[in-house]
2 protein chains.
Amino acid sequence: MPLLSSAELQGEMKRVKASVDGVILDELLPARGGPEVELLYKMMRDYPSRPAKGLRPFLCVTACRAAGGDERKALLTAACLELFQHWILIHDDIEDRSELRRGEPTLHRKYDEALALNAGDALHARMWGALLANEEVLGPHGALRVMKEFSMLVNETTEGQHMELSWVRDRRWDLDESDYYVMCTKKTAWYTVASPCRLGAIVAGAGEDTLEALKDFGLKLGVAFQIQDDALNLVGEKAYGKAKSDDILEGKRTLILLHALRSASAEQRRRLVAIMDKDRDKKTQQDVEYVLSLFSKRGSVEYARRKAKALMTDALESLDSYRWRGDEDAVALLESFARFAVERRW
Amino acid sequence: MPLLSSAELQGEMKRVKASVDGVILDELLPARGGPEVELLYKMMRDYPSRPAKGLRPFLCVTACRAAGGDERKALLTAACLELFQHWILIHDDIEDRSELRRGEPTLHRKYDEALALNAGDALHARMWGALLANEEVLGPHGALRVMKEFSMLVNETTEGQHMELSWVRDRRWDLDESDYYVMCTKKTAWYTVASPCRLGAIVAGAGEDTLEALKDFGLKLGVAFQIQDDALNLVGEKAYGKAKSDDILEGKRTLILLHALRSASAEQRRRLVAIMDKDRDKKTQQDVEYVLSLFSKRGSVEYARRKAKALMTDALESLDSYRWRGDEDAVALLESFARFAVERRW
């Protein structure tokens, strides 16, 4: 398979993002819906207008090509994946009490919590409306097939989000790595990698074997992607766009944290749990520094990164062992994306 | 048209509700989705398990019969209307900071706000999943047609909710009755009466003329229904299940309030606005009593009730002027329901 440079991958991601942004901002989200709801539409267009990688549309379009489909037919489906990402981020930010999203105040901080919650629902409904418009592109059966994948991915994501939130709420610490993998597969891997790829293949008219191969690739790579996200969250570089160490403030049970807990001394473990169990606004800067230094001493970030790389390698094996019928360059792009997912700094 | 007693109407509503509850609790919402998400499913089943009138399923099933359809084909669609009502109530209760729903603590009070917000999203997704399962009942074209009506009704409802919330947030008082009617048509009338009736007719395979007649009937009656709801909210009887005068605490711009404002003296008006502009937790019992006594002095509740009755009479004219092709008893039930909507005490 031809090797692709990081610049080539990013160029391709940008190209797809530009097409999909056009669909979202020009066709799916009207600039205004009448004077009485002008602000609602402004709020719905807010996250979609912020800088983003657009990796889900990229995966959808690229998998469509790899499965032998026409990428133009995948653009509306790809746009719906972005709408999904936007409404669920609006709600996640409320649930997590996050302050920053893509370098700007979160929607509920910028406006008001009730209006933001409702704007998320409005955007969720717009997503299904756009999926219905897919009938014109894919016919009734194709549109329904795509919607069934969306129904499944929203179920998985809300289940994963429930698991993560309830672990914090119930102060659960009897968790091992397998719990993290189940939660993370549900919360992230389906909607970030597995379903975007599968949706591209569905648009291409691919059969069950292709969908199974992409599920295998996507769930492994999706977990690897989340582990790298957990690592980036600790550092909080500017390009990443979220507040530094937000996950520690939120008490999130990451693979990094579970490793540190497992390898810490009894006294360190006690102090770590006591800090993580504090409410967000009770955690001091000193608390955060203690957790970060413990991660550093125990080598927890390196451990998690090794796991992410191993998952990525497994994911690539799934990809390579499948006989792709479509565009070879597209398969190379998926491979290149897999490496990016665990090496990225944003 | 045969006249129906209130007991006959309520018996019929109960009969339909029992069938639809069976679909929701036995088929659409599994009792558990695995141990790690047991609480999520418990939360999703919470509002559907509380006592309720089930008026939207009743309207859907009855309109289906009036349009000559088979009610069994409408049960899944009717169940989806209930799922809609449940997820949007979960979110409304968070947005409005409500304490009680159907006589029990609201879901976010009973558990936690983040978990409840997410459970609302999960239920929203389950609604679309159930609408997809409608393909088995109605075929692909019928299922898609039903989903298009749902897409429209969710858009209208979220727009109406945005209007109401933003009026409070922005301390808007430059509102007249026509603003209330626009907001209320969007927030309530579509999803409570117009779309339930239209969905029944769509299931029956009715044409555009039937859908137009039901839109006209439903939007007028839906606004009348909301006006009666606003009046009941002030009293807060036990059967009604919400906290007394919650709308005053929330600062809602009801037709009753707009009438009182318009007919009050300058001094009364100033005091009324000052009270309504206070944050929910700053409003005293004395404040609420002042508002209620002003409503009483100005005859605002009676005024609003007269408006509701006039709307109901117009709605009945729309219903009666249409030549129904289906079950005559079903048309009589819709007529009887219209009277109930403005006379009910719960």
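**Exercise 1. The core**

Which members of the largest nonpolar core touch the most other members?

*Solution.* Keep in mind that you are working with a predicted model. Start with the core itself: the largest nonpolar core holds 226 residues. Next, look for the members that touch the most others, and you arrive at A:Ala224 and B:Ala224. Finally, take the copy in chain A and set aside its neighbours within four places in sequence. A:Ala224 is then in contact with A:Ala308, A:Leu311, A:Met312 and A:Ala315, and also with A:Ala341 and A:Val342.

**Exercise 2. The side of chain A that touches chain B**

Describe the side of chain A that touches chain B, by elements and by residue class.

*Solution.* Begin with the count: 38 residues of chain A are in contact with 38 residues of chain B. Then ask which elements of chain A give two or more residues to this side; they are α2 (38-44), α5 (75-96), α7 (113-133) and α8 (135-169). Of these, α8(A) supplies the largest share, 17 residues. Last, sort the residues of this side of chain A by class, which gives 18 nonpolar, 12 polar and 8 charged.

**Exercise 3. A helix pair across the two chains**

Work out how α5(A) packs against α7(B), and name the residues that make the contact.

*Solution.* First take the geometry: α5(A) and α7(B), residues 113-133 of chain B, pack at an angle of about 160 degrees, and their axes are 9 Å apart. Angles over 145 degrees count as roughly antiparallel, so α5(A) is roughly antiparallel to α7(B). The crossing of these two helices is left-handed. Now for the residues: α5(A) contributes A:His91, A:Ile94 and A:Glu95, while α7(B) contributes B:Ala114, B:Leu117, B:Asn118 and B:Asp121. By class, this contact has 3 nonpolar, 2 polar and 2 charged residues.

**Exercise 4. A helix pair within chain B**

Now do the same for α5(B) and α8(B): find their relative direction, their handedness and their contact residues.

*Solution.* Helix α5 of chain B (residues 75-96) and helix α8 of chain B (residues 135-169) have axes 12 Å apart and pack at an angle of about 20 degrees. Angles under 35 degrees count as roughly parallel, so α5(B) runs roughly parallel to α8(B). Their crossing is right-handed. On the α5(B) side you will find B:Leu76, B:Thr77, B:Cys80, B:Ile88 and B:Glu95. They meet B:Val137, B:Val146, B:Phe150, B:Thr157 and B:Leu165 in α8(B). Sorted by class, the contact of α5(B) with α8(B) has 7 nonpolar, 2 polar and 1 charged residues.

Key. Residues numbered from 1 in each chain as written. Chains lettered and ligands numbered in written order. Predicted model: local features only at pLDDT ≥ 70, side-chain atom pairs only at ≥ 80, totals over all residues. Core = buried A, V, L, I, M, F, W, Y, C linked by C-beta atoms within 7 Å. Buried ≥ 20, exposed ≤ 12 C-beta atoms within 10 Å, placed from the backbone. Contact = placed C-beta atoms within 7 Å. Helix = DSSP H or I, 4+ residues; strand = E, 2+ residues; numbered from the N terminus. Nonpolar A, V, L, I, M, F, W, Y, C, P; charged D, E, K, R; others polar. Axes fitted to C-alpha atoms, helices over the stretch in contact; angles between N-to-C directions. Parallel < 35°, antiparallel > 145°, perpendicular 65-115°, else oblique. Left-handed = near helix turned anticlockwise from the far one by under 90°.
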